[in-house]
Amino acid sequence: MIRWSQTLLNTLREAPQDAEIVSHKLLIRAGMMRKLGGGLYTYLPLGMRALRKIEAIVREEMERAGAQETLFPILQPAELWRQTGRWDSMGPGMFRVRDRKEAWYVLAPTAEEAFTALAKSEIASYRQLPRTIYQMQDKFRDEIRPRFGLIRGKEFIMKDAYSFDADDAGADRSYRAMYEAYERIFARVGLAAKPVEADTGDIGGNFSHEFMVYAASGEDGILDCPACGYAANQERAERAPAPVPYRAEAGEPERVATPGQHTCEEVARFLGRPIDQIVKSLVLLVGGKPVMALVPGDRELSETKLRRLFGGAKVEEADAETVARLAGPVGSIGPVGLGDLPVYADRALEGAADVVVGANAEGFHLAHVSLARDARVTAYEDLATVRAGDLCPKCGKPLEIRRGTEVGQCFKLGTKYSAAMGATYLDEQGAAKPIVMGCYGIGVSRTLQAIVEQSNDKDGIVWPAAVAPCQVALLILDPDVPEVVAQAEALGAALEARGIDVFVDDRPERPGVKFKDADLIGLPIRVVAGAKGLAKGGFEIRRRTERDSAVVPPAEAAQAIASLLEQSL
């Protein structure tokens with residue numbers, strides 16, 4: 001049994017001012033963790049117990065899926081990251097340090113390079129494939145704005161796994177095994193986590209699913225179809241083809257004065273035209289080369305989709321000087337008469353006519369433009385962000401947008417890292433081929449907070465039984481009455497004999513204080529041992545989610561509690 005009197009635990013009536021969301025507030029108030037610095041948190045004893053239970057479930061499901069545990073250094077040589085180009089592409093978000101010999105190292109934000117280096121040294125033949133290995137390790141990212149406690153910190157705990165296969169078919173099987181393991185993990189820890197299609201981001205690869213926990217405080221927008229179940233991160237989401245914004249027969253392009261009007265909203269208002277008849281034109285650098293992207297005026301360009309179109313190349317906004325040299329002043333640019341500058345337009349603009357575009361001259365736009373006739377569009381692609389009300393690409397019904405927090409992600413990496421780092425195997429004919437890889441991450445510390453974000457009420461945390469710091473809160477209301485203490489100790493011992501962990505509140509505090517703290521900490525079962533209750537027939541037992549208690553005789557209490565927990569697991 002764990003006793004409050006022997007535990008480093010202080011609850012708070014009020015949350016600190018920098019705690020913005022409910023889970024962050026509750027973990028601090030319930031004494032599960034404390035802030036050390038911006039984006040840095042210390043786990044206290046009860047918080048550690050919950051964290052270890054989550055880790056145990058993750059390990060069990062990794063082993064069940066055939067993955068074997070390893071442990072890699074957090075400090076990794078910069079040379080590995082230079083081989084894949086991510087020493088440069090990861091940018092300032094990566095912590096970099098030098099040793100006394102002036103050699104550069106990375107505090108790993110992720111582990112693709114290290115795992116690929118191991119595969120290169122240890123896997124030589126197709127006979128050694130497939131293999132999946134994983135680790136549970138700290139990661140570091142220099143977040144611009146650490147926030148929401150464990151949701152976005154500078155240091156966090158991640159489970160990262162990597163699969164190594166001989167071909168795409170094998171990689172698909174490994175991906176499916178991990179995907180299904182993730183479904184089991186999140187169900188077991190008590191999270192309603194939904195897999196959604198996602199962008200691969202800095203990790204790379206050609207396919208990915210994020211496991212999202214819906215929450216009003218979520219950082220990500222999720223497009224969700226209630227009709228067929230399609231779901232995708234807003235960065236990745238697609239929409240069904242819709243009628244082009246405007247396709248009336250266009251006359252010859254007409255240069256019109258639009259003094260001081262630069263945004264699509266301003267131009268639409270000035271000309272008295274609907275905003276979807278204005279074409280938004282942007283010049284960007286993709287892999288260092290300039291391109292123009294076009295989207296309807298009421299839409300935003302998805303740089304994620306543009307990056308994916310160009311095989312993951314870095315996308316940056318072009319500076320004003322570059323834009324002026326290639327097209328014209330910012331706010332007045334358009335696709336007509338651009339010379340050799342490649343133009344990529346959103347699919348919704350294919351066939352658009354009689355639209356308004358920038359004239360590439362300050363204070364002027366072109367009206368009555370037909371893109372097919374007047375501009376040289378290299379390709380029409382899916383470039384715009386999707387929003388609520390757009391039609392589902394699977395079933396054509398309207399999409400809804402919800403907020404969510406990512407707790408895990410699966411990637412099909414292909415040969416991106418193995419080819420760059422020379423991780424090959426010999427096939428049956430003795431030919432060297434790059435290993436086909438997959439990557440699978442779970443934010444373990446983030447999962448801890450996501451559980452609290454999803455499982456709470458006005459009084460505090462409501463822990464799922466599988467991951468609660470302890471399963472039973474045993475409140476001794478009269479710690480100075482020997483008979484009460486003896487009965488409580490006997491019950492605690494009987495529960496522990498059944499494998500049920502018990503947290504005993506043995507403080508000399510008023511009952512009201514103990515009740516409030518029990519609700520705040522949120523263990524699944526609350527048991528009250530008091531002189532009055534025992535005189536009436538036994539212990540008062542109730543679930544954390546219920547208001548009414550049942551009085552159970554001491555001889556029957558252990559079995560009653562065990563039955564309640566079995567129903568909860």
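I started with strand β29 (residues 502-505) and found both of its faces covered. Val-502 and Val-504 lie on one side, Phe-503 and Asp-505 on the other, and all of them are buried. A reminder to myself before going on: this is a predicted model.

**Around β29**

Next I looked up the partners of β29. Strand β1 (residues 2-3) pairs with β29 in the parallel sense, over two bridges. Within that pairing, I noted that Arg-3 has Val-504 as its bridge partner. Strand β28 (residues 472-476) also runs parallel to β29, and here I counted four bridges. Asp-505 in β29 has Leu-475 standing opposite. I then followed the chain between the two strands: β28, helix α13 (residues 482-497) and β29 form a β-α-β unit, and its hand is right.

**Pro-524**

I moved on to Pro-524, which sits in the loop between α14 (511-521) and β30 (525-529). Is Pro-524 buried or exposed? I have it as buried, because its relative accessibility is 8%, and the cut-off for buried is under 20%. I wanted to know what surrounds Pro-524, so I left aside the neighbours within four places in sequence and listed the contacts. They include Trp-463, Pro-464, Ala-465 and Ala-468, then Cys-470 and Gln-471. The run Arg-542, Arg-543 and Arg-544 is also in contact with Pro-524, as is Leu-565. For a long-range check I took His-365: 159 residues separate it from Pro-524 in sequence, and the C-alpha atoms are 65 Å apart in space.

**Cysteines**

Cys-470 turned up in the contacts of Pro-524, which made me look at the cysteines. Cys-470 is buried, as its relative accessible area is 0%. Cys-392 is buried too, at 1%. How far is the sulfur of Cys-392 from the closest cysteine sulfur? I got 3.6 Å, to Cys-228, and that is too far for a bond, because a disulfide needs the sulfur atoms within 2.5 Å. My search of the whole structure gave zero disulfides.

**The sheet β14-β20-β19**

Then I turned to an open sheet of three strands, in the order β14-β20-β19, where the pairing is antiparallel. Which strands are at the edges? They are β14 (254-257) and β19 (355-361), each pairing on one side only. On average, neighbouring strands in this sheet are turned by 35° against each other, direction ignored. I looked at one pairing in detail: β19 and strand β20 (residues 364-369) run antiparallel and are joined by four bridges. There I found Ala-361 opposite Phe-364 of β20.

**Asp-374**

I went on to Asp-374, which has its place in helix α10 (residues 371-374). Asp-374 counts as buried because its relative accessibility is 18%, with the line drawn at under 20%. I found a polar contact of 2.8 Å between the side chains of Asp-374 and Arg-373. With neighbours within four places left aside, Asp-374 is in contact with Pro-253, Val-336, His-368 and Val-369.

**Helix α12**

My last stop was helix α12 (residues 444-454), which is mostly covered, with ten of its eleven residues buried. Among the buried ones I wrote down Val-444, Leu-448, Ile-451 and Val-452. Polar and charged names are on the buried list as well, including Ser-445, Arg-446, Thr-447, Gln-449 and Glu-453.

Technical notes
Residues numbered from 1 in each chain as written. Predicted model: local features only at pLDDT ≥ 70, side-chain atom pairs only at ≥ 80, totals over all residues. Heavy atoms only, no water. Buried < 20%, exposed > 50% of the residue type's maximum accessible area, 1.4 Å probe, protein only. Contact = heavy atoms within 4.5 Å. Polar contact = N/O pair within 3.5 Å; in protein donor to acceptor, adjacent residues only side chain to side chain. Pairing = 2+ DSSP bridges. Axes fitted to C-alpha atoms, helices over the stretch in contact; angles between N-to-C directions. Right-handed = clockwise from strand over helix to strand, strands pointing away.
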